[in-house]
Amino acid sequence: MHSIHTSEADLRDRSEHRTGPSWDLHSWREMISDAVVPLEIQAMPGTTFAGALRSSEVDGVGVYELHTTAHTVRRTPQLVSRDDARFYKLSLQLAGRAVLEQDGRRACLAPGDLAIYDTDRPYALSFPEPSRTMVMVIPREPVDLTADQIAQVTATCFSSDRGFGRLVNPFFVELCNSIEQLPGVYGTRLVHSALDLMVTMLAQELDRHRDLTGSGNSGLHREIREYILNHLGEETLTPASIAAAHFISLRHLYTIFTEDGETVSAWIRARRLEHIRRDLLDPVHALRPVSWIAGRWGLHDAAHFSRLFKTEFGQSPSLYRRQRLNRADMAA
């Protein structure tokens, strides 16, 4: 992809055509802070800010295409402390340049590049020229990586011309181009696929980082979690079987998970429930009974599963499925 140099007047003309009226700085700041998390947003010196957007929300994931003039964004420690919203953001640069800073790293993004950051810690973004950007706002729950793992790859540039970026980044570009078509059951499947691609790319970067640093403990940690994800559908998956498969003691296994402030059983349960929740909304499984979907992920006791699901998501699985599929049908 090649950079598109856009003047403020061009942005306003293009915004009116594609995304509706442009917003001034005050309105933009309020709208973005209300829609996502509170942010400090300032125009670059000597410029007058204008911004416009397109957006969709799919299964709790916000997808935004932002057209903006030159500006800066800061999520300060004070804003973080006043706000309990915890999201990951995936930012894909479509036109113009951007610089992302978080966790002591600095990613310079050209068109086609993407990066991840976490709203639970301070970050800064600089857009020195008019830009077009796709941003996905992602709840933590659907992501099969821990917050500590994500923290190792924030503000890392994933380029479209090397590694998994050659395959993954174009998918996100097309997802953005089809933003109006995302509401509906098939859009849900596409967004879930996007999250899986993101996790795959981040996992590869984590492995590369482990190879460079020679960190054996983090490698075992990741290997165990991958093993769990690959065996979630097995009813016999237990802490004891996991420890045996990796030739470690149960105590060692518990210690690995305790470092992340969780237990092995709780992590397995959370991953199973999240996969079941996604399958309940998947049109491919629309005719499958709830019990079949739960069993697919290792939960064969219907009454026990129903209690777990209601505790986690506030509704029975049947009602959850029916209400959300009805909403998707209405939005399509």
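## Cavity lining, ring pairs and salt bridges

Sorted by class, the residues that line the largest cavity comprise 13 nonpolar, 4 polar and 1 charged. The structure described here is a predicted model, and the values given below are computed from it.

The count of cavities of 30 Å³ or more comes to 2, and the largest cavity holds about 220 Å³ of space. There are 18 residues in the lining of the largest cavity, and those closest to its centre are Ile32, Leu66, Lys89, Tyr117 and Val135. Several elements each supply at least two residues of this lining, namely helix H2 (25–35), strand E3 (61–68), strand E4 (71–75), strand E5 (87–95), strand E9 (123–127) and strand E10 (131–139).

The next topic is the aromatic rings. The model contains 8 aromatic pairs. One of them joins Phe171 and Phe172, whose planes stand at 90° with the ring centres 6.1 Å apart, and the pair is therefore edge-to-face. Within this pair, Phe171 is partly exposed, with a relative accessible area of 25%, whereas Phe172 is buried, at 0% relative accessibility. Another aromatic pair, formed by Phe313 and Tyr320, is tilted, with 5.7 Å from centre to centre and 45° between the planes. Here Phe313 is partly exposed at 23% relative accessibility, while Tyr320, with a relative accessible area of 5%, is buried. Phe313 and Tyr320 also belong to a cluster in which ring pairs link them with Phe305 and Phe309.

A further ring, that of Trp267, has arginine side chains over its face: Arg225 lies at 4.7 Å from the ring centre, and Arg271 also lies over the face of Trp267, at 5.9 Å from the ring centre.

Turning to charged side chains, those of opposite charge can pair when their charged atoms come close. The salt bridges in this model number 23, and the table sets out three of them, including the distance between nitrogen and oxygen.

| Salt bridge | N to O distance |
|---|---|
| Arg105 and Asp103 | 4.0 Å |
| Arg208 and Glu205 | 2.8 Å |
| Arg277 and Glu274 | 2.8 Å |

How exposed or buried are the partners in these bridges? Arg105 is partly exposed at 26% relative accessibility, and its partner Asp103 is partly exposed as well, at 31% relative accessibility. In the bridge between Arg208 and Glu205, Arg208 counts as partly exposed, with 45% relative accessibility, but Glu205 is buried, its relative accessible area being 14%. For the remaining bridge in the table, both Arg277 and Glu274 are buried.

Where do Arg208 and Glu205 lie, and how many residues apart are they? Both belong to helix H6 (residues 185–213), and because they are 3 residues apart in that helix, about one helical turn separates them. Arg277 and Glu274 are likewise placed in a helix, here helix H10 (residues 264–280), where they are 3 residues apart, or about one turn of the helix.

The bridge between Arg105 and Asp103 has a wider setting, since salt bridges link these residues in a network with Arg86, Asp118, Asp120, Arg121 and Arg140.

How values were computed:
Residues numbered from 1 in each chain as written. Predicted model: local features only at pLDDT ≥ 70, side-chain atom pairs only at ≥ 80, totals over all residues. Heavy atoms only, no water. Phe/Tyr/Trp six-rings, centres within 6.5 Å; stacked < 30°, edge-to-face > 60°. Buried < 20%, exposed > 50% of the residue type's maximum accessible area, 1.4 Å probe, protein only. Lys NZ or Arg CZ within 6 Å of the ring centre and 35° of its normal. Salt bridge = Lys/Arg side-chain N within 4 Å of Asp/Glu carboxyl O. Helix = DSSP H or I, 4+ residues; strand = E, 2+ residues; numbered from the N terminus. 1 Å grid on protein atoms, 1.4 Å probe; cavity = no way out; pocket = protein on both sides within 12 Å on 5 of 7 lines; lining within 4 Å. Points joined across faces, edges and corners; volume = space filled by probe spheres on them. Nonpolar A, V, L, I, M, F, W, Y, C, P; charged D, E, K, R; others polar.
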